[in-house]
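Trainee: I would like to go through how the terms used for this model are justified. Can we take them one at a time?

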Amino acid sequence: TLASVTVPSLLAGCNSHDMSAMNMGGETATAVTEGSFTTPLRLLDTASPSGPLSAKSTTEAIVAGKNARVLGYRDGMLGPTFRVTSGATVDLRFLNALTEETNIHWHGLLVPANMDGHPAQLVGAGQSFNYTFRLDQAATMAWYHPHPHGKTAKQAYMGLAGLFIVETPTEKALSLPSGAYELPLILQDKRLDASGSPQYNPSMNDVMLGYMGEIVTVNGVASPMHSVATRMYRLRLVNGSNGRLYNLALSTGAQFWVIGSDGGLLSAPEGVTSLLLAPGERADLLVDFSSVPVGTEVYLKSNTFSGGGAQGQQAFNLLKFVVSKAETETFRLPARLETVTPLAASVATKTRTFDIGIAMQAMQGMNMTGMHTINGKVFSMNRIDETVKLGDTEIWEFNNTQGDEPHPMHLHGAFFQVLSRTGGRNALTASEKGWKDTVLVMPGERVRIVVPFTKPGTFVFHCHNLEHGDDGMMGNYQVA
Ligand code: C2O
Ligand code: CU
Ligand code: CU
């Protein structure tokens, strides 16, 4: 172990063996161990977006019968789901009841810069902060999590993450499956010790690949099951994992529909048989159980995929549905969902290019911090990397052609559309036909996005592999 490291949380496990695995594609991914799929899925409780909210140390039975020590925005892991109508005001009195600083970033909500949970806006241990903002955006499922630089990965991993659903009359008019037929789901993988508690002590391998666990949880429960009726279900998923990608599919191989993405509904449903979901991304899906015989078990699973190195080589189940009740379905898949006007590349006033990945110069001299960079630079809190004119639309290009790690790139303070992907998968996915705030850039890929900047202030953009972000793969941009 290196004695002189300065970021112990990320470097505790650095050794020469890890060094040899670096950037050679030789990383080893933690394999997933499936449980028995007998524990009922936890349905996340909802809360009003005005009132108190605290981050605290608490307990949760991630694995049935074992009381894990975790962090949460509630009594238990994760947080309440906020559900509001666009136009409403959010007013949360946040108390940091942790023993270290934290803050809250509203991932997917367009909020003023001073409410966005920039890593410079910290709330000290025992301190409070009022998150107050008025929402004005399309219907979508956003989420919230901490953003203290160097500690985001650990805090989110230990359980600080929650959902935030924004509704609009346009969406309501579609009468999409709701109530018991709408399931908001948080996917996170955990590495548990003998007591069933998640441990966060990343090795160098984990910094390269992202911290992965052998236990995949859905809403904080390992290998859960859920009884469904013969109806259409709306599954609203966020990949809240630090580094793991999920290639979502049904065990029957059946088609399902993508109806929405990070920033709202697509213009029309897109039928798919699998969908890759990277950390930070959301998927709004319709799954049709209406003609599945009662008694059938159908798993939501993750299929293998290419480009992700070792982690893409394993298929595993996430959640078991048991079709247990016959009901008559009257819902019809709408032909149109929402107006998504494509932004033309020609409206952009500027193109910026970002080389993302490992900077070899940062590795030299055994300075093991900040290997993950954007344009060769490690994040610096007070450096403005890009200056953008308020109201401008720009093309940002992420270039991962030199690297061998997937990087889900995320912008705060803006939604964007994906223009093109060359190299690697060479195509856009179904969910990339809508508004996004996080876009997956696989090894070998060059992805161009078109971004209208509508919020003034300083925001960060970063890789949502949380180990990469904490390692420095983040920049500041200022809209003025
Ligand atoms: Cu969900 Cu800056 O991230
Ligand atoms: Cu965000
Ligand atoms: Cu990354």
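Mentor: What follows covers the metal sites, then burial, then salt bridges. This is a predicted model, in which local features need pLDDT of at least 70 and side-chain atom pairs count only at pLDDT 80 or more, while totals for chains, interfaces and linings use all residues. Residues are numbered from 1 along each chain, chains are lettered from A and ligands numbered from 1 in the order written, and side-chain values use heavy atoms, with hydrogens and water left out.

Trainee: What makes His105 and His410 donors of the copper ion (ligand 2)?

Mentor: Donors are N, O and S atoms within 2.8 Å of the metal (3.2 Å for Na, K and Ca), and since water is not among the atoms, sites may look incomplete. The NE2 atoms of His105 and His410 lie at 1.8 Å, so both count as donors. His105 is in strand β7 (residues 105–107) and His410 in strand β27 (residues 407–411), 305 residues apart. Strands here are DSSP runs of E of at least two residues, and helices are runs of H or I of at least four, numbered from the N terminus.

Trainee: Which residues coordinate the copper ion (ligand 3)?

Mentor: Its protein donors are His407 (ND1), Cys463 (SG) and His468 (ND1), at 2.0 to 2.1 Å. Along the chain these donors follow the spacing H-x55-C-x4-H. Cys463 and His468 are both buried, as are His105 and His410.

Trainee: Why is the contact between Arg352 and Glu394 called a salt bridge?

Mentor: The term requires a side-chain nitrogen of Lys or Arg within 4 Å of a carboxyl oxygen of Asp or Glu. Arg352 and Glu394 have an N to O distance of 2.6 Å, so the pair qualifies. Arg352 belongs to strand β23 (residues 350–358) and Glu394 to strand β26 (residues 393–399), 42 residues apart.

Trainee: How do you know whether Arg352 is buried or exposed?

Mentor: Buried means under 20% relative accessible area, exposed over 50%, and partly exposed in between (1.4 Å probe, protein chains only). Arg352 has 9%, so it is buried. Glu394 has 1% and is therefore buried.

Trainee: What are the classes of Lys56 and Asp75?

Mentor: Lys56 has 22% and is therefore partly exposed. Asp75 has 62%, so it is exposed. The two form a salt bridge, with the closest N and O atoms 2.7 Å apart.

Trainee: How many salt bridges does the structure hold?

Mentor: It holds 33. A network of salt bridges links Arg83, Glu167, Glu171, Lys172, Glu182, Arg234, Arg236 and Asp284.
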